[in-house]
Each structure stands twice: as C-alpha cells, then as structure tokens.
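Q: I'd like to learn how to read a model like this one. Can we go through it feature by feature?

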Amino acid sequence: MLYNRIAVLRSERSLSRADLAKTTGVNVQTIGFLERGDYSPSLELAFKISGFFKLPVEAIFSPEPFRPLSDQVYEMHRREA
Amino acid sequence: MAISNEFKLAMKFRTRRRRHIEVVVFLGMVVIGFCSAARPFQAGLIYFYLYPVMKIWKGSYASWDLRRRVIPVSTLDDRAMLEHGVVFEELGKTKQKEILDEYRGGTLLMNSFPDEREHQLQAEAHMRAYSLMRVLLPVLLLVCWAAWRWVNGINVLVLLSWVVVLVLGLPQMIVMWTEPEDVRELQAQRTLEREA
C-alpha cells in the first residue's frame, strides 16, 4: 500500500479532482481511488502528479503513513528556535 | 428541475449489489444452458437456443464495459447529485457556479478512455479468469466428451457453445464482481435510495 497527500495538496490549492485528472491524463474516478489509497499509481503517474504540484515524489507518496503537516511544521519551528 | 429517471436508473444499475445479481444470473443461465444440451436439438427451436446466448452476450459481456463509462446527465440536479450527492439548490454558490460552467444539457458524462487503473483492473480480471479456466476448461471439455460418449441424444454443439460463452464472459464477470464502487456514485446512490 502506498500512502499519499494528494487530497491535502489538492484542497490547499482549491483544485477539483477534474483539474488534476485532466492534467495527469487519468479519469476523475482514478483520482478518487488514489486519494483513498485504493490504488497505487504507476511510476509515470506518480511523476506526473509530483510535476503538477511542483513537489518531489517522496513529498507526495510514501510507503509509511504520513505524519500530519501541522506536526511537522511545529517541529521545524521548534528546531529553528 | 429534478433528477431524471435515466440518471436514477443508471445509478441503480451501477451498484455493486446489482452487479453481483447480474453475475449470478449469468452463471445461472450458463448452468441452464449446459442442462439444455441434454435435450435433443430441434431446428425449430433455434431462437430458444440462441436468445439466452445473445442476451448474455449483450447484457453482460459487452454492456458493463460501456455502462461503467457512461452516466446520462440530463439536468443540473443530476450533475449535482453525481458530483456532490445533493440536489443543485442545496449547493453553495461556488459549487453551483462550477457546475453551471461545466454543464451541458443532454450530454453524457463519461470517461472517454480507459486509463491505467482500468487497464490494470482488466488485466487482473483476465489473469484471474485464466487461472480459473485453466482448471475448469479441461474439466468442462472432459464432461462434454463423457456426455457425448455415454448420454444418448446430448447436443455437444449446444454444450460447447455455452463453454464458449463462459470463457468469453468470465473476465467481464470478474470485473463486475470485484470492481469497487466510486465514492461519489455511492453517495449519490445512498441519497437516491433515501429519497425513494
């Protein structure tokens, strides 16, 4: 199983599933399956998605569950302080 | 504006439960087909032999592949129900505007091409069907041969034609049985069921 942050990233940018689907060349349903973790994308699709969000692949997909972004940001701030 | 009957019907026939019923009916028809081979073939009943084969071919082998891509969207409520699981008037202004921008009356909302997930689903279904048939097919052919050898008046052609229907229809049946429901569709189906 591959975990991902597609739903969060899409929501942050106020994008619809259709927008992401159109750019990456898959059906809207497939974006839904990806977001729920019901489908692991091919390497090609993973790179297309990371290119779309302008983020490295490992920032979007991970074999381990992601920690909440708020935790990571808080920890970063604490380390800087 | 209201939800169209075509949309309601399409959603009803897309549920996993409904698909499972279709698969069971398909298998039932195949069993009946095998049993019908025990009767001597009568040329006058050719329609009786061909009708279920054609019906299964149209309904199960070819139909789901098309049905899964096409949803008739005739009204704004249809579109809102599909996208958000509620009628158009219950949506916020932004969502209403999004739908109005994309909406075209009388069009069909469809996935115009099978993408990598659908290709994978098909490939997995064919692989499962192959794994099943590599065991089942020799057994069926052995049964056909034994029936032809020892049962009087058995029609091997009818028997074999049903074996062919089973072989060709099985991958599609596996897709129909295993394909999960889309979350948006599930939400719309639940709302429609509640309203009914």
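What follows is a short walk through the two chains and where they touch.

A: Before we start, this is a predicted model, where local features need pLDDT of at least 70, side-chain atom pairs count only at pLDDT 80 or more, and totals for chains, interfaces and linings use all residues. Residues are numbered from 1 along each chain as its sequence is written, while chains are lettered from A and ligands numbered from 1 in the order in which they are written.

Q: How many helices and strands are there in chain A?
A: Helices (H or I, at least four residues) and strands (E, at least two) are DSSP runs, numbered from the N terminus. Chain A has 6 helices and 2 strands, and from the N terminus on they run β-α-α-α-α-α-β-α.

Q: And what pattern does chain B follow?
A: Chain B has 8 helices and 2 strands, in the order α-α-α-β-α-α-β-α-α-α.

Q: Which residues are buried in helix 2 of chain A?
A: Call a residue buried if 20 or more other C-beta atoms lie within 10 Å of its own, exposed if 12 or fewer, and partly exposed in between, with C-beta atoms placed from the backbone. In helix 2 (residues 17-24) of chain A, that picks out A:Arg17, A:Leu20 and A:Thr24. Look down the axis of this helix and its buried residues fall within an arc of 70 degrees, so they line one face; the arc is that of the directions from the helix axis to the C-beta atoms. Their cover includes helix 1 (6-12), helix 3 (28-35) and helix 4 (43-53) of chain A. Just after helix 2 of chain A comes A:Gly25, with a positive phi near 75 degrees.

Q: Is B:Cys35 buried or exposed?
A: B:Cys35 sits in helix 2 (residues 16-36) of chain B. B:Cys35 is exposed, because it has 11 other C-beta atoms within 10 Å.

Q: What share of each chain is buried?
A: In chain B, buried residues make up 24% of the 196 residues; in chain A, 17% of the 81 residues.

Q: How many residues does each chain give to the contact?
A: Two residues are in contact if their C-beta atoms, placed from the backbone, lie within 7 Å. Here chain B gives 8 residues and chain A gives 11. On the chain B side, helix 6 (116-150) and helix 8 (183-195) of chain B each give two or more residues. That side divides into 2 nonpolar, 1 polar and 5 charged residues, where Ala, Val, Leu, Ile, Met, Phe, Trp, Tyr, Cys and Pro count as nonpolar, Asp, Glu, Lys and Arg as charged, and the others, Gly among them, as polar.
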